[in-house]
Amino acid sequence: MLFDMDGTLVDSEKLWDVALRELATEYGGTLSDPARRAMVGTSMAESMRILHDDLGQPERDAEDSAAWINSRILELFRTGLRWRPGALTLLRAVRAAGIPTALVTSSGRPLVEVALDTLGRDSFDAVVCGDEVDSAKPHPEPYLTAARLLDVPIGRCVAIEDSPTGVASALAAGAAVLAVPAEVPIAPADGVHQLESLTAADLELLAALLGEPPA
């Protein structure tokens with residue numbers, strides 16, 4: 001099992017929204033809703049590029065902006081991280097069944113370390129962070145890396161995602177995909193099963209996505 005983090009396991013996109021809009025205000029502007037939606041599921045570098053372009057300030061240093069965001073989001077994660085509906089129950093069921101499990105996120109390692117205080121460090125056999133791969137989502141590398149670390153063929157993996165960027169990454173890697181849209185809609189696609197909430201997901205469904213009976 002391959003789990004995305006932001007918007008999939010935890011309701012953190014709202015916290016990112018706070019930080020990003022605060023930075024836009026710091027820069028004397030207002031982040032537009034289309035730009036904010038375009039950031040969901042992307043790398044920090046891409047999000048900062050979108051932010052700067054949206055504000056009409058493309059000359060700003062992406063690393064400086066990222067440092068500001070990282071500092072603020074760390075504060076928010078420590079005090080306001082909440083599970084998405086059904087996520088904790090599903091994760092516990094997967095772990096109880098002994099299924100190899102990885103966290104595959106575009107967030108950087110320092111932020112993920114804070115999130116793991118909520119998610120549980122023993123909840124995953126492997127963790128792939130956005131700053132630990134050469135190519136971030138929507139490139140397939142994050143999911144291919146996770147499957148390799150688990151020593152499971154990617155074609156035998158189910159990836160759970162909430163964003164078009166993450167879904168594209170998982171599909172390109174060759175995983176079966178369960179999409180649970182959070183902040184932005186996901187277009188129907190072959191190989192993608194959509195649910196409104198993880199409260200409707202269970203081991204039987206995950207097995208069905210792989211074309212096999214549940215363990």
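A salt bridge here is a side-chain nitrogen of Lys or Arg within 4 Å of a carboxyl oxygen of Asp or Glu. Keep that cut-off handy for the exercises, and remember that the model is predicted.

**Exercise 1.** Decide what Arg 21 pairs with in a salt bridge, and place both partners in the fold.

*Solution.*
Step 1: The partner of Arg 21 is Asp 33, with the closest N and O atoms 3.0 Å apart. That passes, because the cut-off is 4 Å.
Step 2: Now for the fold: Arg 21 sits in helix H1 and Asp 33 in helix H2, twelve residues apart, so the pair links distant parts of the chain.
Step 3: Check exposure. Arg 21 has a relative accessible area of 27%, and Asp 33 comes in at 43%. Both are partly exposed, because that class runs between 20% and 50%.
Step 4: Look for company. Shared partners join Glu 13, Asp 17, Arg 21, Asp 33 and Arg 36 into one salt-bridge network.

**Exercise 2.** Work out how Glu 75 and Arg 72 are placed relative to each other in helix H4.

*Solution.*
Step 1: Their side chains form a salt bridge, at 3.0 Å from N to O.
Step 2: The two residues are three apart in helix H4, so about one helical turn separates them.
Step 3: For accessibility, Glu 75 is at 42% and Arg 72 at 22%; each counts as partly exposed.

**Exercise 3.** Classify Asp 117 and Arg 121 as buried, partly exposed or exposed.

*Solution.*
Step 1: Start with the contact: the two form a salt bridge whose closest N and O atoms are 2.8 Å apart.
Step 2: Asp 117 has 60% relative accessibility, so it counts as exposed, the threshold being over 50%.
Step 3: Arg 121, at 46%, counts as partly exposed.
Step 4: For the wider tally, a search of the whole structure turns up 18 salt bridges.

**Exercise 4.** Describe the largest pocket: its space, its lining and the helices that contribute.

*Solution.*
Step 1: The largest pocket holds about 440 Å³ of space.
Step 2: Its lining has 29 residues, with Trp 16, Thr 42, Met 44, Ser 106 and Ser 107 nearest the centre.
Step 3: Sort the lining by class: ten residues are nonpolar, eleven polar and eight charged.
Step 4: Helices H1, H2, H3, H4 and H6 each supply at least two lining residues. H3 (44–54) gives the most, with four residues.

Key. Residues numbered from 1 in each chain as written. Predicted model: local features only at pLDDT ≥ 70, side-chain atom pairs only at ≥ 80, totals over all residues. Heavy atoms only, no water. 1 Å grid on protein atoms, 1.4 Å probe; cavity = no way out; pocket = protein on both sides within 12 Å on 5 of 7 lines; lining within 4 Å. Points joined across faces, edges and corners; volume = space filled by probe spheres on them. Nonpolar A, V, L, I, M, F, W, Y, C, P; charged D, E, K, R; others polar. Buried < 20%, exposed > 50% of the residue type's maximum accessible area, 1.4 Å probe, protein only.
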